[in-house]
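Student: I've got a chain open on my screen and would like to go through the reasoning behind its labels. Can we take it step by step?

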Amino acid sequence: MYVLGIDGGGTTTSAVIADENGNIYSQLIVGRSNPTAMTKQEFEKVIQDVLLNIQSQNPNVFNELSCCYAGMAGVGEGNYEGMLQHALQRYLPSKTEILIANDAVNALYSGTLGSEGIVQIAGTGAITVGINEQHELFRTAGWGYIFDDEGSGYDLGIGVIKAVFKAFDGRGLATSLTNRLISHFNVSSVPDIIEKVYGGEHPRSIIAPLSVYAVEEALNNDVMAQLIIQKACEDLFISIKACHSKMKLKDKETMVVLSGGVFLEADLFIPKLEKLAKISQLNISFMKPLIPPAGGAIIAGLISLKAPISSVFVRKFNEQYKSSHQMKKVRQGG
Ligand SMILES: Nc1ncnc2c1ncn2[C@@H]1O[C@H](COP(=O)(O)OP(=O)(O)OP(=O)(O)O)[C@@H](O)[C@H]1O
């Protein structure tokens, strides 16, 4: 049984054709496909490019697709499902079932492999989404970087800049983050950072990448960086707890999947989150994703087809899946 899984996000769109054993037949990673942040024409063009490319890699398998599961950013927030359905229908075989959902479903199933649970996404932004056995979605946080998105890459980046300026003034402890920012922005003094932050691209794209310094310097035992990470964990936990309460899970054991760039070093976050869960007496466990989000879309598609998922799925899928870095090397002939 062949499923096309699409994971459409604010930065990249990943599409994969796979079967219930985790064998991959076509794969592609392109730029963003968030209908809330692009014109209808731009969005339709991305979908067209994705489907034509995926088809050209393996036309025979493409023609036999049982299902296309598209988990896309922005779905559920506006009236985009119709537009997406229409765009997909144009290029897919007529017998292929089309299912559309929010990309949080992909992220959750990349860890739980189809079971209910909560996914805490922390990339450039941060949002908590719970999905129960009835496939109902519960959302907390993630209302935008200006006043929300606590625990996101942007939020950590703001924490880094604040710590550096406070240390400069003597309002805060000296921190190794200062040298990291001076070298990142290639400036000679802390005040020179201001022009770099205000003078260029969108502040999100300048500030969010600084989150990596909070993580790295926390691992290097810098006190200020550790405080930034601790605060992020506390904020993220408040959102997880609120989502858990909305889902009315009570004492039922619940998995929380940590997904997104901020959690690349998940082991820094997990013990802190576990401690907070223990204090709150919540029966939740935190886990890293087992497969990429596009694999989560394949799982969701297989579940809707009531196809059994093989015990070798995760291993085979991970062996055959190429990261965006590997895909780039293939395109460059490396
Ligand atoms: N090693 C790292 N340590 C800490 N933060 C990181 C690291 N790598 C990436 N990030 C953060 O994650 C962000 C990228 O996240 P991700 O790739 O999950 O998706 P995104 O599409 O940009 O975000 P979103 O899900 O909010 O749309 C970066 O902007 C940065 O803030």
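Student: Which residues of helix H6 (residues 177-185) are buried?

Tutor: This is a predicted model, so keep that in mind throughout. In H6 the buried residues are Leu-177, Thr-178, Leu-181, Ile-182 and Phe-185.

Student: What puts them on the same side of H6?

Tutor: Look at the arc around the axis. They cover only 135° of it, which is why they end up on the same side of the helix. Over on the other side of H6 sit Asn-179 and Ser-183, and those two are exposed.

Student: What do the buried residues of H6 pack against?

Tutor: Five helices: H5 (153-169), H7 (193-198), H8 (203-207), H9 (211-219) and H10 (223-246). Where H6 stops, Asn-186 follows, and its phi is positive, near 55°.

Student: Let's move to H9, then. Which of its residues are buried?

Tutor: Ser-211, Tyr-213, Ala-214, Val-215, Glu-217 and Ala-218. Their cover includes H5, H6, H8, H10 and helix H11 (266-279).

Student: And what comes just after H9?

Tutor: Asn-221, which takes a positive phi of about 70°. It lies in the loop between H9 and H10, and it is a residue other than glycine.

Student: Why is Asn-221 called exposed?

Tutor: Its relative accessibility is 57%. The label needs over 50%, so Asn-221 counts as exposed.

Student: Where else does a residue that is not a glycine have a positive phi?

Tutor: Ala-141 is one of them, with a phi of about 65°. You'll find it in the loop between strand E8 (137-140) and H5.

Student: What makes Ala-141 partly exposed?

Tutor: Its value is 21%. Buried would require under 20% and exposed over 50%, with partly exposed in between, so Ala-141 gets the middle label.

Student: How do you know which label fits Asn-53?

Tutor: Same routine. Asn-53 has a relative accessible area of 29%; that falls between the 20% and 50% cut-offs, so it is partly exposed. Asn-53 belongs to helix H1 (residues 40-57). If you want a distance to try on screen, the C-alpha atoms of Asn-53 and Glu-133 are separated by 34 Å, with their positions 80 residues apart along the chain.

Student: Why is Leu-210 called buried?

Tutor: Its relative accessible area is 0%, and buried means under 20%, so the label follows. Leu-210 is in the loop between H8 and H9.

Student: Which residues does Leu-210 touch, not counting those up to four places away in sequence?

Tutor: Gly-157, Val-160, Ile-161, Leu-181, His-184 and Phe-185. Two names there should ring a bell: Leu-181 and Phe-185 are among the buried residues of H6. Val-187 is another landmark: its C-alpha is 15 Å from that of Leu-210, and the two are 23 residues apart along the chain.

Student: Now a strand. What makes Cys-68 buried?

Tutor: A relative accessible area of 0%. Against the cut-off of under 20%, that makes Cys-68 buried. Its place is in strand E4 (residues 65-72).

Student: What does Cys-68 touch beyond residues up to four places away in sequence?

Tutor: Leu-4, Ile-6, Leu-88, Leu-92, Thr-96, Glu-97, Ile-98 and Leu-99. As for Gln-89, 21 residues away along the chain, its C-alpha is 9.9 Å from that of Cys-68.

Student: Let's zoom out. How many helices and strands are in the chain?

Tutor: There are 14 helices and ten strands.

Student: Why is the chain called as compact as a globular protein of that length?

Tutor: Its radius of gyration is 21 Å, and the globule rule gives 20 Å for 334 residues; the two are close, so the description holds. The C-alpha trace spans about 65 × 50 × 40 Å along its principal axes.

Student: What about burial and contacts across the whole chain?

Tutor: Buried residues make up 50% of the 334. Of the contacts between residues at least 6 apart in sequence, 67% join residues at least 24 apart.

Student: And the surface and the charges?

Tutor: The accessible surface comes to about 16000 Å², with 51% belonging to carbon and sulfur atoms. As for charges, there are 29 positive and 33 negative ones, and their mean positions are 1 Å apart.

Technical notes
Residues numbered from 1 in each chain as written. Predicted model: local features only at pLDDT ≥ 70, side-chain atom pairs only at ≥ 80, totals over all residues. Heavy atoms only, no water. Helix = DSSP H or I, 4+ residues; strand = E, 2+ residues; numbered from the N terminus. Rg over C-alpha atoms; globule rule 2.2 N^0.38 Å. Buried < 20%, exposed > 50% of the residue type's maximum accessible area, 1.4 Å probe, protein only. Contact = heavy atoms within 4.5 Å. Areas by Shrake-Rupley, 256 points an atom, 1.4 Å probe, with all protein chains shown as cover. Lys, Arg positive; Asp, Glu negative; His and termini not counted. Charge placed at Lys NZ, Arg CZ, Asp CG, Glu CD. Arc of directions from axis to C-beta.
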